[in-house]
Amino acid sequence: MAHQLGFYRLQDSYDLYQASQYSLSEQVRPATHYYFAKGSVLDYILLSSEFDAKNDLSLAEVGRYETYDRHLINPSFEHDSQSTDHAPVMITLAIRE
């Protein structure tokens, strides 16, 4: 039964994005939350295998992965005094050809 459900296993969009890149250098994953000066990843976008480029049946793949953390790294009190302590994560999906 487990092998039948493998197709529906959720995957981290960052891992899918990294796998679709052709760079030999491994990038450090951006932090999405800071506690004092220590960053950690607490926010994820999970996708089904339909977005895994290695899956022959996939419809789309992760074309971009971005973390919006300016308000955490270089805060401006005027703009960021009421902002969250998490960095929003946004992905762009591209239809596979």
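Q: Let me start with a charged pair. Are R29 and D12 buried or exposed?
A: Both R29 and D12 are buried. Please keep in mind as we go that this is a predicted model.

Q: What kind of pairing does R29 form with D12?
A: The general idea is that side chains of opposite charge can pair when their charged atoms come close. Here R29 and D12 form a salt bridge, with 2.6 Å between the closest N and O atoms. R29 sits in the loop between α2 and β2 (33-35), while D12 belongs to strand β1, so the bridge ties together parts that are 17 residues apart in sequence.

Q: How many salt bridges does the structure hold?
A: There are 2 salt bridges. R64 and E66 also meet in one, at 2.3 Å from N to O. R64 is partly exposed, with a relative accessible area of 44%, whereas R29 and D12 are buried.

Q: How far should I trust the coordinates when I look at details?
A: Where pLDDT is low, the predicted coordinates should not be read in detail. The average pLDDT of this protein is 78, and 70% of the residues score at least 70.

Q: Which elements have the lowest and the highest mean pLDDT?
A: Helix α4 (residues 77-80) has the lowest mean, 59, and strand β4 (residues 46-47) has the highest, 93.

Q: How many helices and strands make up the secondary structure?
A: You will find 4 helices and 6 strands. Starting at the N terminus, they follow the order α-β-α-β-β-β-β-α-α-β. To see how the chain folds back on itself, look at contacts with a separation of 6 or more: 62% of them join residues 24 or more positions apart.

Q: Which residues make up the largest nonpolar core?
A: In soluble globular proteins, nonpolar side chains tend to be buried together. In this model the largest nonpolar core has 8 residues: Y14, L16, Y17, L47, V62, Y65, V89 and I91. Two or more residues each come from α2, β5 and β6 (89-95). Helix α2 gives the largest share, 3 residues. As for the protein overall, 29% of its 97 residues count as buried, and its accessible surface is about 7400 Å², 56% of which belongs to carbon and sulfur atoms.

Q: What does V62 touch, leaving out residues up to four places away in sequence?
A: V62 touches S13, L16, Y17, S20, L47, F51, I91, T92 and L93. S13 is found in helix α2 and, at 0% relative accessibility, counts as buried. Outside its own stretch of four places either way, S13 is in contact with I45, L47, V62, Y65 and I91.

Q: How do I describe a pair of aromatic rings?
A: Such a pair is described by the distance of the centres and the angle of the planes. This structure has 2 aromatic pairs. For Y14 and Y65, the ring centres are 4.9 Å apart and the planes stand at 75°, so this pair is edge-to-face. Because Y14 lies in helix α2 (residues 13-20) and Y65 in strand β5 (residues 60-67), the pair ties together parts that are 51 residues apart in sequence.

Q: Are Y14 and Y65 buried or exposed?
A: The cut-off for buried is under 20% relative accessible area. At 8%, Y14 counts as buried, and Y65 counts as buried at 10%. Ring pairs also bring in Y17, giving a cluster of Y14, Y17 and Y65.

Q: Where is Q11, and what is it in contact with beyond four places in sequence?
A: Q11 is in strand β1 (residues 11-12). Its contacts at that range are L16, I45, L46, L47, S49 and D52. The C-alpha atom of Q11 is also 6.1 Å from that of S48, although 37 residues separate the two along the chain. At 14% relative accessibility, Q11 counts as buried.

Q: What about A19: which element is it in?
A: A19 is in helix α2. At 46% relative accessibility, A19 counts as partly exposed. The C-alpha atoms of A19 and A53 are 8.3 Å apart, with their positions 34 residues apart along the chain.

Conventions:
Residues are numbered from 1 along each chain as its sequence is written. This is a predicted model: local features need pLDDT of at least 70, side-chain atom pairs count only at pLDDT 80 or more; totals for chains, interfaces and linings use all residues. Side-chain values use heavy atoms; hydrogens and water are left out. Rings of Phe, Tyr and Trp (its six-membered ring) pair if their centres lie within 6.5 Å; planes under 30 degrees apart count as stacked, over 60 as edge-to-face and the rest as tilted. Buried means under 20% relative accessible area, exposed over 50%, partly exposed in between (1.4 Å probe, protein chains only). pLDDT is the predictor's confidence in each residue, from 0 to 100. Contact means heavy atoms within 4.5 Å. Accessible areas come from the Shrake-Rupley method with a 1.4 Å probe; for residues, only the protein chains shown count as cover. A nonpolar core is a set of buried Ala, Val, Leu, Ile, Met, Phe, Trp, Tyr and Cys residues joined through side-chain atoms within 4.5 Å. A salt bridge is a side-chain nitrogen of Lys or Arg within 4 Å of a carboxyl oxygen of Asp or Glu.
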